[in-house]
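Biologist: Please take a close look at one part of this model. Start from a single residue, say what surrounds it, and then follow the chain to whatever comes next.

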Amino acid sequence: MIRTLMAFFAAACLGSAVLAQPQPRGAATSLELNPHGVGHLLVVPYFNTQGGNATLLNITNASPVDKAIKIRFRGAGNGDELLSFQVFLFRHDMWSANISAGADGLPVITTTDRSCTLPAVVNGTQFRTTRLNPALTGDALANQAREGYIEIITMGDIIGGTPLYMAMPPLGNTPRCNPSVLDALTRFDAQLAPPTSGLMANWILINVAQTTT
């Protein structure tokens, strides 16, 4: 049901990354489309790595609080999960990445962003095919991972003074990103407050060989 619902919204919101903003803290009962492009649950309705295409993605935390964010890539054919990870984004900070085809045709994440992530390293991570049709092999299988949509979900606002909050402050230009603290994060962790609005995203499809965007 959730997968079908997200696919519906991805089609309905084509051209806009924002999907929803919450009700007041602790009182969220429904999703509301925010026409201003800011929310706590975003959908990038399309990514593509076919035929030399690459997708450049930027996620901005425009709010005054740090946020724990879940990023999930889903395939176009059936909404199957291709890759997911967490980004811990400072207030008024941005996370950027490039999604392009690797040597074997499967999409790969490329990023030099220094934001904390879980797992600790997402640069060079290849999309997975374990959730795709097991009857497919080779390029036919990789083809099912080359386009789809992206879910960007605020897991929660990071509460000040907690170990999670203290794991993030930058030392120079590099966050601490304490792995033991990030690995211990649970679904209903007391270090996270209910999510509030403030996320924005934008993306662009680019093909260098064809000089098109």
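Modeller: Take Asn48, which counts as buried because its relative accessible area is 7%, and the cut-off for buried is under 20%. Keep in mind that the model is predicted. Its mean pLDDT is 86, and 85% of the residues reach 70 or more. Residues 1–16 are another matter, as the pLDDT there is below 50. In the model that stretch still has 27 contacts beyond near neighbours in sequence.

Back to Asn48. This residue belongs to strand β2, which covers residues 41–48. Two polar contacts of its side chain can be listed. One goes to the side chain of Tyr46, at 2.5 Å. The other goes to the side chain of Asn53, at 3.2 Å. Asn53 also appears among the residues that Asn48 touches once those up to four places away in sequence are left out. The others on that list are Ala54, Thr55, Arg146, Glu147 and Leu205.

Strand β2 also leads to the aromatic rings. The structure has five aromatic pairs. In one of them, the ring centres of Phe47 and Phe73 are 5.7 Å apart. The planes of these two rings meet at 85°, and over 60 degrees counts as edge-to-face, so this pair is edge-to-face. Phe47 sits in strand β2, while Phe73 sits in strand β4, residues 67–75. With their positions 26 residues apart, the pair links distant parts of the chain. Both Phe47 and Phe73 are buried.

A second pair is made by Phe85 and Trp95. Here the centres are 5.7 Å apart and the planes are at 55°, and the pair is classed as tilted. Phe85 is in strand β5 (residues 81–89) and Trp95 is in strand β6 (residues 93–101), so their pairing ties together parts of the chain ten residues apart in sequence. Phe85 has a relative accessible area of 2%, so this residue is buried. Trp95 is buried as well, because its value is 1%.

These two pairs belong to one picture. Ring pairs join Phe47, Phe73, Phe85, Trp95 and Phe127 into a cluster. Strand β2 therefore holds both the buried Asn48 and Phe47, one of the members of that cluster.

Methods
Residues are numbered from 1 along each chain as its sequence is written. This is a predicted model: local features need pLDDT of at least 70, side-chain atom pairs count only at pLDDT 80 or more; totals for chains, interfaces and linings use all residues. Side-chain values use heavy atoms; hydrogens and water are left out. pLDDT is the predictor's confidence in each residue, from 0 to 100. Contact means heavy atoms within 4.5 Å. Helices (H or I, at least four residues) and strands (E, at least two) are DSSP runs, numbered from the N terminus. Buried means under 20% relative accessible area, exposed over 50%, partly exposed in between (1.4 Å probe, protein chains only). A polar contact is a pair of N or O atoms within 3.5 Å; within protein, one must be able to donate a hydrogen and the other to accept it, and residues adjacent in sequence count only if both atoms are side-chain atoms. Rings of Phe, Tyr and Trp (its six-membered ring) pair if their centres lie within 6.5 Å; planes under 30 degrees apart count as stacked, over 60 as edge-to-face and the rest as tilted.
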